[in-house]
Amino acid sequence: MNVVCKEVMHVGEMASGAALTVPVYRIKGNEQGPDVYIQANMHGAEVQGNAVIFQLLEQLKTLELNGSITLVPYANPVACNHKNGEYTLGRFDPITGVNWNRMYYFAADIVEPFAQAYLSHSAIEIERAFKALLLEQIEQKLNHNIYGLTTGQRIAFQLQQLAHQADIVLDLHTGPISSKHLYCPEYAKESAKYFDIPHTLLIPNSFDGALDEATFCPWWQLKLAFAQLGRDFSITKADANYAQDLIIKESFTVELGSQEQIDLDVAHEDAQGILSYLQYQGVIKSNDFHPKSMIRYSCMLADYKALYSPMGGMVDYLAEFGQPLAAGEPLARILRMDNYGDGDPLHYISLDHPVIPILHFASASVNQGTELYKVFSQYSIL
């Protein structure tokens with residue numbers, strides 16, 4: 001039986017002086033192996049990840065582990081408690097208006113000088129030194145910033161400190177009304193096949209402030225910088241040629257379905273998929289977890305398109321999530337009762353090319369210009 005250690009991390013203070021705290025759970029494996037960081041609920045309404053962390057903890061207590069696993073539910077205590085009537089808001093910092101998942105930090109100008117300085121060092125020495133450099137950057141931002149930090153930055157940077165200590169990072173999210181999908185760096189697409197998630201978005205090597213990018217872009221850029229200098233540097237298990245000094249650095253945003261609801265039975269299934277991936281990476285010493293057989297589709301991030309409503313009205317969302325929709329087939333129909341009797345009250349929305357619908361707006365009531373759907377506009381079998 002593994003021991004689950006709990007600590008409470010202080011991430012800020014409210015105007016009353018009440019502390020903003022986050023629970024942190026740690027499980028240490030029996031032998032050396034990859035270290036894993038998993039967090040949930042950075043956005044207030046995206047609560048299913050907390051149920052998945054519960055199911056993971058329940059199973060991890062009895063599994064033989066290598067390395068360590070750190071799990072953080074309720075990662076953003078401000079967003080978790082940001083209610084408006086019966087709805088949880090909590091996608092944007094209410095003070096600054098910035099997306100909570102766009103406040104992480106990475107300065108790309110550290111990569112090239114580091115690669116030149118460590119060109120002849122061993123992979124293990126490189127890994128340790130570069131991790132220390134990333135942690136030093138966050139330490140400087142947190143504790144040596146004379147101009148101070150916003151509430152969101154302080155929370156994000158403390159979470160990022162935990163994430164930078166890991167080799168594998170999973171950030172658990174949900175969409176508004178959504179199918180399950182995975183944000184995956186292009187270099188790690190083979191690993192995506194070990195999650196029980198049918199739709200994968202392949203992300204380029206570009207930092208836009210999200211946690212997954214903040215934790216994989218530094219290592220990907222380092223790999224490319226070494227390649228420019230004539231050295232191979234492994235950051236994924238798919239680099240089979242480097243078994244002797246294999247360094248694993250992978251990060252994913254795992255979208256678990258729709259927001260504002262939890263389902264503990266579905267969370268158990270989601271946990272099984274995550275355990276399948278962790279077994280593949282050697283974190284779990286078992287052969288009990290296997291990815292489900294399914295058709296897995298992939299789409300480049302640039303081909304993940306938003307469809308905005310051409311008019312205001314009441315939307316009947318017609319397209320089934322996750323299934324290819326033929327050109328000309330309706331995604332939705334918009335009801336305009338103000339046109340009844342002297343115009344057309346029903347308007348059908350379709351596209352001139354096949355797509356895979358992934359998520360849609362949470363409400364049936366939309367203004368002109370509201371985002372209706374997000375779709376894979378170009379896709380292939382993973």
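Trainee: What relative accessible area does R26 have?

Mentor: This is a predicted model, and every value we discuss is computed from it. A residue counts as partly exposed when its relative accessible area lies between the buried limit of 20% and the exposed limit of 50%. R26 falls into that partly exposed class, since its relative accessible area is 28%.

Trainee: Which residue meets R26 in a salt bridge?

Mentor: The two side chains come together with a distance of 3.1 Å from N to O, and the partner of R26 is E7. One residue lies in strand β1 and the other in strand β2, so the pair ties together parts that are 19 residues apart in sequence. The partner is itself partly exposed, with a relative accessible area of 37%. The residue that meets R26 is therefore E7.

Trainee: Strands β1 and β2 belong to an open sheet, so which strands stand at its edges?

Mentor: The sheet has 10 strands, in the order β1-β2-β4-β3-β7-β11-β9-β10-β12-β20, and its pairing is mixed. A strand at the edge has a single partner strand, so one side of it is left without a neighbour in the sheet. Reading the order from end to end, the edge strands are β1 and β20.

Trainee: Which residue of β4 is the bridge partner of I27?

Mentor: Strand β2, residues 19–28, pairs with strand β4, residues 66–72, in the antiparallel sense over 4 bridges. One of the bridge partnerships across this pair joins I27 to a residue of β4, namely I69.

Trainee: In what sense do β10 and β12 pair?

Mentor: Strand β12, residues 297–300, has a pairing with strand β20, residues 380–381, that is antiparallel over 2 bridges, and there S298 has S380 as its bridge partner. Towards β10, L202 has M300 of β12 as its bridge partner. The pairing of β10 and β12 runs over 4 bridges, and its sense is parallel.

Trainee: T200 lies in β10, but what is its relative accessible area?

Mentor: Strand β10 covers residues 199–203, with T200 among them. Beyond its neighbours up to four places away in sequence, T200 touches L182, C184, A192, Y297, S298, C299, F376 and L382. T200 counts as buried, because its relative accessible area is 0%.

Trainee: How many residues apart in sequence are the parts that R296 and D196 tie together?

Mentor: The side chains of R296 and D196 meet in a salt bridge at 3.9 Å, N to O. R296 lies in the loop between α8 and β12, whereas D196 lies in the loop between α6 and β10, so the pair ties together parts whose separation in sequence is 100 residues. Both count as buried, R296 at 8% relative accessibility and D196 at 14%. The separation asked for is 100 residues.

Trainee: How many residues of α5 are buried?

Mentor: Helix α5 runs over residues 151–164, and its end C-alpha atoms are 20 Å apart, which agrees with the span expected at 1.5 Å a residue. Among its buried residues are G152, I155 and Q160. Q160 has a relative accessibility of 0%, and beyond four places in sequence it is in contact with Y104, Y105, I138 and A214. The helix is mostly covered, and of its 14 residues the number buried is 10.

Trainee: Where does L318 lie?

Mentor: L318 helps to make a nonpolar surface patch of about 700 Å², together with M314, L335, M337, Y340, L346 and Y348. A patch residue must have over 30% relative accessible area, and L318, which is partly exposed, has 34%. Its place is in the loop between β14 and β15.

Trainee: Which strands stand at the edges of the open sheet that holds β14 and β15?

Mentor: This sheet has 4 strands in the order β16-β15-β14-β18, with antiparallel pairing. Strand β15 pairs with β16 over 5 bridges, and I334 stands opposite H347 in β16. The edge strands, each of which pairs on one side only, are β16 and β18.

Terms used. Residues numbered from 1 in each chain as written. Predicted model: local features only at pLDDT ≥ 70, side-chain atom pairs only at ≥ 80, totals over all residues. Heavy atoms only, no water. Pairing = 2+ DSSP bridges. Patch = residues over 30% accessible without salt bridge, like charges linked within 9 Å, V, L, I, M, F, W, Y side chains within 5 Å. Areas by Shrake-Rupley, 256 points an atom, 1.4 Å probe, with all protein chains shown as cover. Salt bridge = Lys/Arg side-chain N within 4 Å of Asp/Glu carboxyl O. Buried < 20%, exposed > 50% of the residue type's maximum accessible area, 1.4 Å probe, protein only. Contact = heavy atoms within 4.5 Å. Expected span 1.5 Å × (residues − 1).
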